[in-house]
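The following exercises examine a single protein chain. Each task is followed by a solution that proceeds step by step.

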Amino acid sequence: MLYCRVPPTTTSEKSEIPLRSRIFADLTPLRTSPDYRRLWCGNTISWMGQQMTALAVSLQVYAITHSTFAVGLVGLCSLVPLVVFGLYGGAIADTVDRRKLGLYSALGATAMSLALAAAALAGYHRVWLLYTVVACQAVCFAMNSPARTSMIPRLLPTEQLPAANALNSLTSNLGLMGGPMLGGVIVGLWGYQTAYLIDVVAFSGSLYAMWRLPSMRPDQGEGPRRRASVLDGLRFLATRPNLRMTFFSDMAAMVLAQPRALFPAVAVLWFGGDAKTVGLLVAAPAVGAVLGGLFSGWLGGIRRHGLAILIAVAAWGAAIACFGLSRQLWLGLFFLAVAGCADTVSMVFRSTMLQAATPDAMRGRLQGVFIVVVAGGPRLGDFLAGSAADLTSPATAVIGGGLACILVVTALGLGRRAFARYDARDPQP
């Protein structure tokens with residue numbers, strides 16, 4: 001065993017916990033598990049470097065082509081490998097030593113950043129090379145993420161998973177906020193090659209953390225070890241209603257109520273703004289998500305994870321609908337921040353349910369499905385919102401999307417009442 005199970009906290013023990021520990025992010029996983037602490041710190045550093053590189057690549061593509069279409073293709077080069085290899089990365093994570101898979105895929109991503117730096121230093125500026133490297137980086141991420149995420153339940157007791165997932169969400173959102181800002185400053189001062197080289201150095205934290213982990217072979221029971229199948233993972237998911245509901249609820253939010261594609265239009269039409277206003281609109285959900293992670297200590301006391309997911313997704317839809325009604329910038333930013341905070345709460349409990357209610361032999365494959373949903377859902381939502389706005393108006397698309405999200409998640413909850421009764425003390429898939 002890699003951890004000692006901690007008995008559930010009693011009411012009298014809860015009263016002795018300092019108030020700040022029940023409000024701010026719970027750091028217990030970082031204190032109790034050196035392996036998880038190294039993994040979290042290494043991932044935080046490397047994720048910041050990856051976001052710096054993502055911005056630097058976009059800037060370099062535009063500097064070469066002066067085409068926004070060419071910059072948009074960077075996202076496509078990343079999305080397709082994530083969707084295609086996400087499922088297979090999860091299947092591989094359920095077959096081999098997850099530590100080795102995480103280590104080798106992190107080495108591959110490091111090599112890709114080194115290739116970008118070498119090309120920039122040599123003055124070899126070719127768009128095809130940038131597209132190829134971005135696609136290879138996405139493949140490495142699709143292999144690394146299921147392995148890394150499915151290891152967390154082996155490093156921590158079940159009751160610490162919500163706190164760990166809140167810390168992981170903090171890493172993700174801080175990287176999305178801070179990485180591009182740092183990347184822009186570094187590229188402006190010292191060039192693309194410096195951003196890429198910093199990314200190479202940043203990967204050392206992740207590599208060290210993976211190297212220090214014990215062997216993490218998936219637990220496949222007493223029977224003969226066999227290769228994990230993607231289809232077996234999908235069949236397993238098809239027969240586990242609570243786990244399916246975590247994906248359906250997320251799709252209701254990300255597909256039906258995703259206003260991101262409309263930000264350039266609403267910045268001008270509603271707020272009389274410009275590109276800076278668009279930047280504020282894009283940043284607001286991330287700010288809310290970071291605040292949700294910082295003030296996540298209270299999440300550890302919630303046992304009805306399914307009900308919490310339904311409420312959080314409905315809150316996302318309500319906040320997006322209210323954003324569609326707002327015509328003052330500060331009010332619109334407030335509602336977007338509320339939506340981002342609700343998304344963090346939903347993500348924490350969805351991830352915890354996937355980790356706690358899934359057998360270890362299936363965790364990699366379900367994390368692969370998670371990658372596909374997270375990568376593909378918002379893009380599908382962008383398309384739906386843009387199409388609806390063209391057919392009606394941006395306001396109708398945003399408000400209608402938020403209300404549709406509330407209606408769908410309510411219908412899901414009524415159709416699967418056992419999901420709302422899901423108890424973290426007895427995780428049932």
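**Exercise 1. Establish which groups the side chain of D94 contacts, and where this residue lies.**

Solution. The side chain of D94 reaches the backbone nitrogen of G364 at 2.8 Å. A second polar contact, of 2.7 Å, joins the side chains of D94 and R98. The term polar contact denotes a pair of N or O atoms within 3.5 Å; within protein, one must be able to donate a hydrogen and the other to accept it, and residues adjacent in sequence count only if both atoms are side-chain atoms.

Next, locate the residue: D94 belongs to the loop between α5 and α6 (98-121). Its relative accessible area is 0%, so D94 is buried. Buried means under 20% relative accessible area, exposed over 50%, and partly exposed in between (1.4 Å probe, protein chains only). Finally, the C-alpha atoms of D94 and G233 are separated by 9.8 Å, although these residues are 139 residues apart along the chain.

The model is predicted: local features need pLDDT of at least 70 and side-chain atom pairs count only at pLDDT 80 or more, while totals for chains, interfaces and linings use all residues. Residues are numbered from 1 along each chain as its sequence is written, and side-chain values use heavy atoms, with hydrogens and water left out.

**Exercise 2. Compare the end-to-end distance of helix α8 with its expected span, and describe its course.**

Solution. Helices are DSSP runs (H or I, at least four residues), numbered from the N terminus. The expected span is 1.5 Å times one less than the number of residues. For the 30 residues of α8 (residues 161-190) this gives 44 Å, and the end C-alpha atoms are 41 Å apart, which agrees.

Now consider the axis: α8 has a kink of about 30 degrees centred on G175. The bend at a residue is the angle between axes fitted to the seven residues ending there and the seven starting there. After α8 comes G191, whose phi is positive, near 95 degrees.

**Exercise 3. Determine how many disulfides are present, and assess C341 and C405.**

Solution. A disulfide is a pair of cysteine sulfur atoms within 2.5 Å. By this rule the count is 0. For C341, the nearest cysteine sulfur is that of C322, 15 Å away. C341 counts as partly exposed because its relative accessibility is 30%. For C405, the nearest cysteine sulfur, again that of C322, is 12 Å away. C405 is buried, with a relative accessible area of 0%.

Conventions
Helix = DSSP H or I, 4+ residues; strand = E, 2+ residues; numbered from the N terminus.
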